[in-house]
Amino acid sequence: MSPSPSHRPRRAVVVGAGLAGMLAAAALSSAVDDVVVLDRDDLPDGPEHRKGLPQGRHAHLLMAGGLAAMEELVPGGGVRERLLAAGAREIPLGSGMLALTSEGWFRRWRHDGPRVLSCTRALLDWTVRDLVLTRTGTQIRRARAVGLTGDARRVRGVRIAPAGGGTAGGGTAGGEETELAADLVVDASGRGSRVVTWLAETGITDVRTRSVDCGLVNATRVYRTPAGAEQFPLTVVQADPYRSAPGRSGMLLPIERDRWMVSLAGTRGGGEPPADPDGFLAYAFALASPIVGRLAAGAEPLTGVHLSRSTSNERRYLERTARWPEGFVVLGDALATFNPAYGQGMSVAALGARLLARELRRGGPDAPGLSRRVQRGAARSVDAAWAAAVGQDVWYPQTRGARPTPADRLATAYSRRLTRSATGSYRAAAALWDVTSMRTGPERLFRPTTLLDVACGPLLPPLSGPPLTPSERKTLDTLDRPGPRTPSAPPARRG
């Protein structure tokens, strides 16, 4: 926007240049004159891993609902085309995925169903950041946000300090504070956000928080895709939360530059994957199906094993405070984080930014109650993802912060029956995909047709192994070699 003589220039400040922050900047760019994004890190000039994203090296899938929101947010769209041109893979959930669930193998159908994009998080973040910077007037400034200016009625900007200073507790040692005025401030600073402290400094002290932590550990290694295996499907062996034992899962997904990413995950109490290469492979062979191990064993490793533990579900119920200041919005991981095993964090961030864009188009940045409406609206997407993640994590035996309630038991019984139906009913599978890909809300699972499908159960008998095509079975047999002979990894089983 170029200001007219009678127009007071408006500025928005976004704290955090990650995916949520850049999508928020895109949402703001057509509503204000100046968008400044603050980040304490030196950002890479290309699709490289960045320091401030501990889960960045692990598996990420961009769900259909999140991609649709990104396309709407970025001026001119093009997120999908840019990612595919850079080597990302588009995978139809109905026909292009091998998935073993707690209720059995999913079938592959003639209908494609929703599609997900598979690539590294580094490529996705860089693509979105480059598109937003190229197509809007957004500026990124290296600095640390250390607090808000204003009061409980209105936030008027942020206090900032040089990026290189600071203390572990968020203090300001190492540089003098300055104030950056803003008409709108968006906190998209991620899991480590200090928003509760910042709000308390304005007088808002009734923020309720919750943490549910199953102690998940992620371990990831990247491999060169073997010749002839370029079209092998996304392969997932899910954890079973209902065995009263630590969860163990594995995933192989194709990523850019002709590579496979293999991510293993397990919960505390003995399910954690190891960081050494031999143990990593042994863990993959010992999953409920050895298929991920068989594939990895036949591929050339390109990296070591990367391990991380920042995986708990954390929520700040900002929408429930008695007061909320005008001019302040919290989005992305600063609002809520989810166990990354469920793959919904990026889409929740995109849906929150899209809501902000729509509210700005409806009433402009000065509309009374704008911030409160966005905060409450963003909570609805969080609710669905939170219920999906926590509803499973509570069943692991050493989860901290929650145990199954009667409501959890009822919801789990329905969810398990739906998943079992989805192993042999396309309509049940389609309902499940629509919700997990965030194309629709959870109400989709309670339509009369879905309730009927759940009542009838699977229409086809369960599969005894992964639904491989003849060419995929040949590829797997070509790659196969004996698995590691350790107590935790028996010889590779067929299927």
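Biologist: Why is Glu359 called buried?

Modeller: The model is predicted, with local features requiring pLDDT of at least 70 and side-chain atom pairs counted only at pLDDT 80 or more, while totals for chains, interfaces and linings use all residues. Residues are numbered from 1 along each chain as its sequence is written, and side-chain values use heavy atoms, leaving out hydrogens and water. Buried denotes under 20% relative accessible area, exposed over 50%, and partly exposed the range in between (1.4 Å probe, protein chains only). Glu359 has a relative accessible area of 9%, so it is buried by that definition.

Biologist: What makes Arg373 partly exposed?

Modeller: The relative accessible area of Arg373 is 35%, so the residue falls between the two limits.

Biologist: How do you know that Arg373 and Glu359 meet in a salt bridge?

Modeller: A salt bridge requires a side-chain nitrogen of Lys or Arg within 4 Å of a carboxyl oxygen of Asp or Glu. For Arg373 and Glu359 the N to O value is 3.2 Å, so the criterion is met. Arg373 belongs to helix H9 (residues 370–393) and Glu359 to helix H8 (residues 345–363), 14 residues apart; helices here are DSSP runs of H or I with at least four residues, strands are E runs of at least two, and both are numbered from the N terminus.

Biologist: What makes the pair of Asp480 and Arg294 a salt bridge?

Modeller: Their side chains meet at 2.6 Å, N to O. Asp480 follows helix H13 (470–479) and Arg294 lies in helix H7 (residues 291–297), so the pair ties together parts 186 residues apart in sequence. Both Asp480 and Arg294 are buried.
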